[in-house]
Amino acid sequence: MPLIIDCDPGIDDAVALLLAMASPQLDLLGITTVAGNVSIETTSTNARSICELGQRTALKIFPGCPRPMVREPIIAAHVHGENGLGGVRFPPAQMPLQQKHGVDFLRDSLRSPSAPITLATLGPLTNVAMALIQAPEIAQHLERIVMMGGAVGAGNVTGAAEFNFYADPHAAQVVLHSAAEYDVPVVVIPLDVTHRAIATPARRQALRNLSSGSLSNPVAKTVATMLDNYGLREQRDMGFAGPPLHDPCVIAYLLQPALFETETVSATVEIASPWTQGRLVVDRNGELDLPGRIELATGIDADGFYKLLTEALGCFG
Ligand code: BDR
Ligand code: CA
């Protein structure tokens with residue numbers, strides 16, 4: 001499956017990238033980075049470190065937008081640590097960043113690809129929206145977009161909004177509306193679902209076990225350590241038994257869609273209200289005539305998801 005991943009690593013982005021690298025059925029054409037959890041410089045450096053950790057230094061990383069389209073930037077260093085990777089230290093990254101801007105890479109890759117391309121988005125949608133604004137017709141070459149974003153219930157930045165949509169609500173709206181205009185299937189995996197993908201102590205131990213005794217798996221070991229430092233305040237506030245692995249759900253959906261339940265709904269993203277900016281607005285009954293149309297994830301087989309993740313990361317041993 002030809003795939004581009006747009007991301008803002010971020011601990012859970014890092015795990016998602018490693019899951020993708022571990023999955024030979026995914027043909028990773030490139031990684032674009034965006035400002036989100038931390039600055040664009042740091043998300044780009046982190047993408048390099050993670051590719052090096054996974055020994056995939058031939059992958060191409062294209063740095064994208066340093067700030068959202070309209071609103072003032074926000075970051076989530078309090079969730080992911082100042083370095084975006086839970087304070088885990090990596091050797092200085094050696095692999096180069098591509099000179100081409102992430103938006104240009106998205107646009108050019110989608111102009112006339114030999115096969116339709118799947119886009120996985122794990123961060124604010126600034127790069128994708130900018131590419132669609134520059135060249136709206138590229139949407140027709142998208143096989144589909146699978147994104148982590150939005151909250152139907154409570155948000156994690158405000159009561160109404162999830163981080164990726166809140167960080168660039170205008171971009172999120174552009175992407176949902178453009179996709180609908182060109183009939184591009186969009187799968188949205190919202191917070192309501194990712195909050196059920198909790199890395200409990202037992203699930204983290206299963207990852208740690210991949211690198212114990214005579215087994216050596218630096219990837220699994222690093223992932224387990226990062227997860228120990230991920231979103232501790234959120235866990236406490238929400239009463240979670242571990243951190244939710246939001247972004248790897250996107251890659252899991254590509255690999256095993258049957259792990260998820262979905263329903264087709266009309267949707268948009270609120271951009272105007274100071275109270276609910278970034279809200280994923282869902283209309284199940286078609287009463288509001290909303291411009292977007294999405295496949296909304298509503299459920300996840302969390303044990304199946306962790307089985308997939310643990311088995312996949314086992315390949316790095
Ligand atoms: C999303 O926000 C980020 O902090 C995570 O990486 C994830 O993409 C969850 O709301
Ligand atoms: Ca992310």
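## A guided tour of the predicted model

Begin by selecting Cys65, which is buried with a relative accessible area of 8%. The structure on screen is a predicted model.

**The cysteines**

With Cys65 still selected, display the cysteine sulfur atoms. The number of disulfides found in the structure is zero. Cys65 takes part in none; its nearest cysteine sulfur belongs to Cys7 and lies 13 Å away. A disulfide requires the two sulfur atoms to lie within 2.5 Å, so the 13 Å separating the sulfur of Cys65 from that of Cys7 rules out a bond between them. Move next to Cys7, a buried residue whose relative accessible area is 0%. Cys7 is likewise in no disulfide, and the nearest cysteine sulfur to it, that of Cys51, is 8.4 Å away.

**The calcium ion**

Select ligand 2, the calcium ion, and show the protein atoms around it. Which residues supply its protein donors? They are Asp8, Asp13, Leu122 and Asp247. Asp13 is listed twice, each time through an OD atom, while Asp8 and Asp247 also contribute through OD. Leu122, by contrast, contributes its O atom. These donors lie 2.2 to 2.6 Å from the ion. Along the chain, the donors follow the spacing D-x4-D-x108-L-x124-D. Colouring by accessibility shows that both Asp8 and Asp13 are buried.

**Ligand 1**

Now select ligand 1 and display its surroundings, which comprise 13 residues. The closest are Asp12, Asn37, Leu122, Glu162 and Asp247. Leu122 and Asp247 have already appeared on this tour as donors of the calcium ion.

Three contacts with ligand 1 merit individual inspection.

- His80: a polar side-chain atom is 2.9 Å from an oxygen atom of ligand 1.
- Leu122: a backbone N or O atom is 2.9 Å from an oxygen atom of ligand 1.
- Asn156: a polar side-chain atom is 2.9 Å from an oxygen atom of ligand 1.

Switch to a surface view to consider coverage. On its own, ligand 1 has 280 Å² of accessible area, and the protein covers 97% of that.

**The aromatic rings**

Three aromatic pairs are found when the whole structure is searched. One of them joins Phe305 and Tyr306 in an edge-to-face arrangement, with 4.9 Å from centre to centre and 80° between the planes. Are these two residues buried or exposed? Phe305 is buried, at 0% relative accessibility, and Tyr306 is buried as well, with a relative accessible area of 4%.

Finish at Tyr166, where Arg71 lies over the face of the ring at 4.5 Å from the ring centre.

Terms used
Residues numbered from 1 in each chain as written. Chains lettered and ligands numbered in written order. Predicted model: local features only at pLDDT ≥ 70, side-chain atom pairs only at ≥ 80, totals over all residues. Heavy atoms only, no water. Donors = N, O, S within 2.8 Å, 3.2 Å for Na, K, Ca; no water. Buried < 20%, exposed > 50% of the residue type's maximum accessible area, 1.4 Å probe, protein only. Phe/Tyr/Trp six-rings, centres within 6.5 Å; stacked < 30°, edge-to-face > 60°. Lys NZ or Arg CZ within 6 Å of the ring centre and 35° of its normal. Near = heavy atom within 4 Å. Polar contact = N/O pair within 3.5 Å; in protein donor to acceptor, adjacent residues only side chain to side chain. Areas by Shrake-Rupley, 256 points an atom, 1.4 Å probe, with all protein chains shown as cover.
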